[in-house]
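Please read the points below beside the coordinates. They follow a single residue outward to the elements around it, and then turn to a separate part of the fold.

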Amino acid sequence: MFQYSMIQSVRHHARKLDRMLRDELIHMYQPLKYTPCFLHKYIEKLFKKTKRYKVVIQFDQNNCDLDNEMNNIHKITDRHFGCRFEKSLSTVGCCSAKLTPDAIVDVLDQCKHVKKVFADREVKALLDVATPTVGADDLVRNGTELTGEGVNVAVIDTGIYPHADVEGRIVGFVDFVDGQEEAYDDNGHGTHCAGDVAGDGAMSDGQYQAPAPKANVIGVKVLDKMGSGSLSTVMEGVQWCIEHQEEFNIDVISMSLGSPANSSYPTEDDDPMVQVVEAAWDAGMVVCVAAGNEGPDHQTIASPGISDKVITVGAMDDRGTADYEDDDIAEFSSRGPTIYNEVKPDVVAPGVDIISLRAPNSYFDKIQKAARVGEYYTTMSGTSMATPICAGVVALMLEYNPDWTPDEVKAQLMEHAEGFGDANTYGAGLIQVDRVVQDN
């Protein structure tokens, strides 16, 4: 097997290929087990020129002209049939492309500033009593009720259906899946999450109201009808938020999505998904991400929740009551430590049987008819729901004190949380925004 040229190239460039991509390239040879030896040379040549892999290419930004490196990738894709340059992810010094094995070898041989080539892995989508549970209902400070008014939250997900409970407050929408311009959601997950942040309960007489009922939302669609997407598309969505931060006044990013943490990266900072959310954090946006739904086992925190900067949110079961005395961690909520032995999640929020906005005729709406609550709402569970509830709480905090930095917001949330026990299960505890914001 080691005589095959692609195997030799993988061994030679092993440090510049992530484990998933190395495995995919090696497994290209699996069919040769069942073909006569005299055909191997011809089949290998065919595979190298016709198989295609979606990849993310990362450059050493400190030692190269990024534009020049991007041009080099363009030239290589132009030389190889069926290859194409897809997206520039310059915020973190990356680009995405579709390449044949021959083209991958050319990139590694000819582009000396390539730091790593990653497989463009799959990423998936992981209000009733929830709002009072986190201390966000009827929150009056200094004579003013905090509602998130004036705060803008980007929901990076499956889109947002223009539901009556967010009417007039979807202030931006971008679609990296199908390129549509008007807000929509063909899955339903993103609409529920937007409602968890900012639904005002208009169609329920205020019963199903989110923590920040007057906050604005921006829909960033990176996941498809089935709730799936790719690493590069999610990165593109975060980069869009960074590039359009001032235009849309983006204060908070809510990301109820992720993929299993990849142990082939030496540290969490080598994970490109972590890099892009930390770039958003460093740009001044508070980033809330889901811990994942792989509990109760430990070391199940998803990427990008493994980041030591962003706010990673686990899910509590509030038992259907506003009193947190009977609350406990949701069985599915992912636990720390991370695969890098860091304590996570940071905090927890309600995430079981959360009632929020329904997107009619979406994929979820069709397959989960039993989850409907009347005509306008539906029920979902997961750290996906806990995360936007946390983002809504952050919106209240930023309305109260717009000068708080992301680091200060995180520190305040953790300092004033209601502790429950093991930090790798509950983080600092259940968020309590009423303890964070005080009358001056």
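1. In this predicted model, Q275 lies in helix α10, which covers residues 272-282. With a relative accessibility of 16%, Q275 counts as buried, because the cut-off for that class is under 20%.

2. What does Q275 touch, once its neighbours within four places in sequence are left aside? The contacts are with Q58, V92, D269 and D270, and with Q58 there is also a polar contact, made from side chain to side chain at 2.6 Å.

3. The burial of Q275 should be read together with that of the helix around it, since 10 of the 11 residues of α10 are buried and the helix is therefore largely enclosed by the rest of the structure. The buried set runs through P272, M273, V274, Q275, V276, V277, E278, A279, A280 and W281, so that the charged residue E278 is listed as buried alongside Q275. As a general reminder for reading such a list, an α-helix has 3.6 residues a turn, so residues three or four places apart point the same way.

4. Both ends of α10 deserve a look. At its start, a side-chain oxygen of D271 comes to within 2.9 Å of the backbone nitrogen of M273, while after the helix comes G284, which has a positive phi near 105°.

5. The polar partner of Q275, Q58, leads into a sheet, for Q58 has K116 as its bridge partner in β4. Strand β1, residues 53-59, and β4 run antiparallel and are joined by five bridges.

6. These strands belong to an open sheet of four, ordered β2-β3-β1-β4 and paired in the antiparallel sense. Its edges are formed by β2 (84-89) and β4 (114-119), and because each of these has a single partner strand, one side of each is left without a neighbour in the sheet. From one strand to the next, the twist averages 25°.

7. Elsewhere in the chain, strand β9 (residues 170-175) pairs with strand β10 (residues 216-221) in the parallel sense, over five bridges, and within this pairing G172 has I218 of β10 as its bridge partner. Which hand does the β-α-β unit made by β9, helix α7 and β10 have, left or right? The unit, in which α7 spans residues 189-198, is left-handed, and I would suggest that the reader view this part of the model with that assignment in mind.

Terms used: Residues numbered from 1 in each chain as written. Predicted model: local features only at pLDDT ≥ 70, side-chain atom pairs only at ≥ 80, totals over all residues. Heavy atoms only, no water. Pairing = 2+ DSSP bridges. Helix = DSSP H or I, 4+ residues; strand = E, 2+ residues; numbered from the N terminus. Right-handed = clockwise from strand over helix to strand, strands pointing away. Buried < 20%, exposed > 50% of the residue type's maximum accessible area, 1.4 Å probe, protein only. Polar contact = N/O pair within 3.5 Å; in protein donor to acceptor, adjacent residues only side chain to side chain. Contact = heavy atoms within 4.5 Å. Axes fitted to C-alpha atoms, helices over the stretch in contact; angles between N-to-C directions.
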